[in-house]
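Hi,

Here is the structure I said I would pass on. Have a look at it first, and my notes on what turned up are just below.

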Amino acid sequence: MRTKQRSNGQTTARQRGRGRSRKALSISSSARLRIVAPAEKIRLLEAEAAALRRQLQTQLSSDVHPVPYIELRTSGLITAANSSAIRLFGRDPHDVVNKPLHQFVAASDRVALARHVRQCALGVSVEGYVQTEVNIRTRHNWVPARLITAVASATGSNILHTAIIDMSDCHASQQGLALEDKNFQHLLESIEGIVWEAEYPLKLLYVSAQVERVLGYPAEIWMATARFWEDHIHVEDRERVLKERDAAFRRIGSHVIEYRFHTAHNGVAWLQYSVWVTRTSQGHTRIQGLLINITALKHAELDLRRLNGQLSRQSEEHKRHLEQTIQSVETFCYGIAHELRAPVRALNGFGDIVLQELGSLASETATHHLKRITAAATRMDRLIEDLLAYGRLHHADLLILPVRVSHAIGRVLEALASEVEARNAVVRVQPTSERVYAHPMLLSQALENLIANALKFVQSGKTPEVAVSTWRADGNRIRIVIRDNGVGIDPAWQHKIFGVFQRAHSADEFPGTGIGLAMVKRIVDLLNGEVGVTSVPGKGSSFWLELPVAPPIDL
């Protein structure tokens, strides 16, 4: 009896400890304990534990409590059930109470139920409770449930107080997680790479099955063999890769390493080793990675480098050949020009001599023909000279400098002073302090051609009027405009006149070679600029060119 009483006292003391942790079940009598004899103290503790159990049982058995609750005899007979249990079984109370529980349990689970009841009766439990999962038959279907029963030795009676927890949602969640895990595994297997996970320094936790298809080694070998990965790195890359790997593992974040790896088929594969290093809540270093076979890419890269080298060598060879060809052509052209200009100049000179010697003896018709011959020779000589100048522009080495626009315009007007005076022209220049990036001589040549044309292409008997203005077209460009009151240009010709030998007017109306505007276009292109024209026939033209703005530096 003393042994049993001491055992009961220890049990009730444990129940008292659990009861005190539940504030809702605390009772006032525990506050009134006083120092008494050991036997009296044990009796009071047992009474307190019994009161706590009765309070818990009262709450569970309440019809408003949401948890299904039943009371069982050790024989498995149901002696009481709350309304939640009745709803779970889907039957009337009289079809549940005083019925054996096993008739509501699936046949495959009845052995587990019998073991559950026996453990409860014998007091074999974990912290005073026995838990078993079974399938409960309701009116229309089967419900997975968990039986949680206080053991008989803890309650001090033959009644087993049992809560029934519906596990349907839990099982559905588990099935959903299992399906998600299966789908995730299928996803990993569909990736054209090897997914792996490890803990620092390199304890492999997972290697995807793709490793056997990509490298020929089963995943089991990787998991079971120490230093398997390190030992199969190409010997020429091993030291570098291990150093880069160790450095990457010490830093949080993502890292990429490329190296060669020996495959199971005595081959060598190029791999891209991408890792993500994180820290777990326990402070462990977790490493997740992806190995991708980039052998084909590396071979293509090597082929591309080889082809680029060949192309570079061929390009240099073609460049030398082209330079030699251009030099030969230029030499040929200069020779041809020299040979052409000599007879042309002779023709012009002899024509003048004949006119001077014949004087008044020559008829009017002969004099007219001789003048046409000398004029044609002069025009041919100028044409040859202009063509040579235009050809030199295509191979000019330019020194681009900041140039003050007003200085370039001033030099041009000085060069054209005699023509301005001869034509009694009016030239107005808007003062400007703008500067552009240009070659000083070429900029002056382009402006001279445009201003000379503005003086030339004017109706007979009309005073030429030329206006030169400058402004910023945008933040980085300067526009120089030469506006005249000349004959204008037909819209059909405005996009053609910057080509070689393109003339909007005949040589009989306005003498020229048809190369001047082509030279302007070429010069502006060399200076990284633009040129254009707006014109109305009979009302004049506005030629403009735009060049990059330069900082305020005087030259």
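W196, W229, Y259 and Y273 form one aromatic cluster, so that is a good place to start looking, given that an aromatic pair here means ring centres within 6.5 Å. Do keep in mind as you read that this is a predicted model.

Staying with the rings: the structure holds 8 aromatic pairs. One of them joins W222 and F228, whose ring centres are 5.0 Å apart with 55° between the planes, a tilted arrangement. Both partners are tucked away from the surface: W222 counts as buried at 6% relative accessibility, and F228 is buried too, with a relative accessible area of 8%. The cut-off for buried is under 20%.

W222 also pairs with F261. How do those two rings sit, stacked or tilted? Their centres are 5.8 Å apart and their planes are at 15°, so the pair is stacked; the cut-off for that is under 30 degrees. This pair links distant parts of the chain, since W222 belongs to helix α8 (residues 219-224) and F261 to strand β8 (residues 253-262), 39 residues apart. F261 is buried, just as W222 is.

Two charged residues also lie over aromatic faces. K298 lies over the face of W270, 4.8 Å from the ring centre. R479 does likewise with W544, at 3.9 Å from the ring centre.

Then there is R91, which you will find in the loop between α3 (83-89) and α4 (110-122). What is the nearest side chain of opposite charge to R91? That would be D95, 6.0 Å away, and R91 has no salt bridge even though it is buried. A salt bridge would have to be within 4 Å, so D95 at 6.0 Å is too far off to make one with R91. The side chain of R91 does have a polar atom 2.9 Å from the backbone oxygen of F89. Setting aside neighbours within four places in sequence, R91 is in contact with I86, V96, F104, R137, T138 and R139.

Finally, some numbers for the whole protein chain. Its secondary structure comes to 16 helices and 17 strands. Of its 555 residues, 38% count as buried. Among contacts between residues at least 6 apart in sequence, 55% join residues at least 24 apart.

Cheers

Conventions. Residues numbered from 1 in each chain as written. Predicted model: local features only at pLDDT ≥ 70, side-chain atom pairs only at ≥ 80, totals over all residues. Heavy atoms only, no water. Helix = DSSP H or I, 4+ residues; strand = E, 2+ residues; numbered from the N terminus. Buried < 20%, exposed > 50% of the residue type's maximum accessible area, 1.4 Å probe, protein only. Lys, Arg positive; Asp, Glu negative; His and termini not counted. Polar contact = N/O pair within 3.5 Å; in protein donor to acceptor, adjacent residues only side chain to side chain. Contact = heavy atoms within 4.5 Å. Phe/Tyr/Trp six-rings, centres within 6.5 Å; stacked < 30°, edge-to-face > 60°. Lys NZ or Arg CZ within 6 Å of the ring centre and 35° of its normal.
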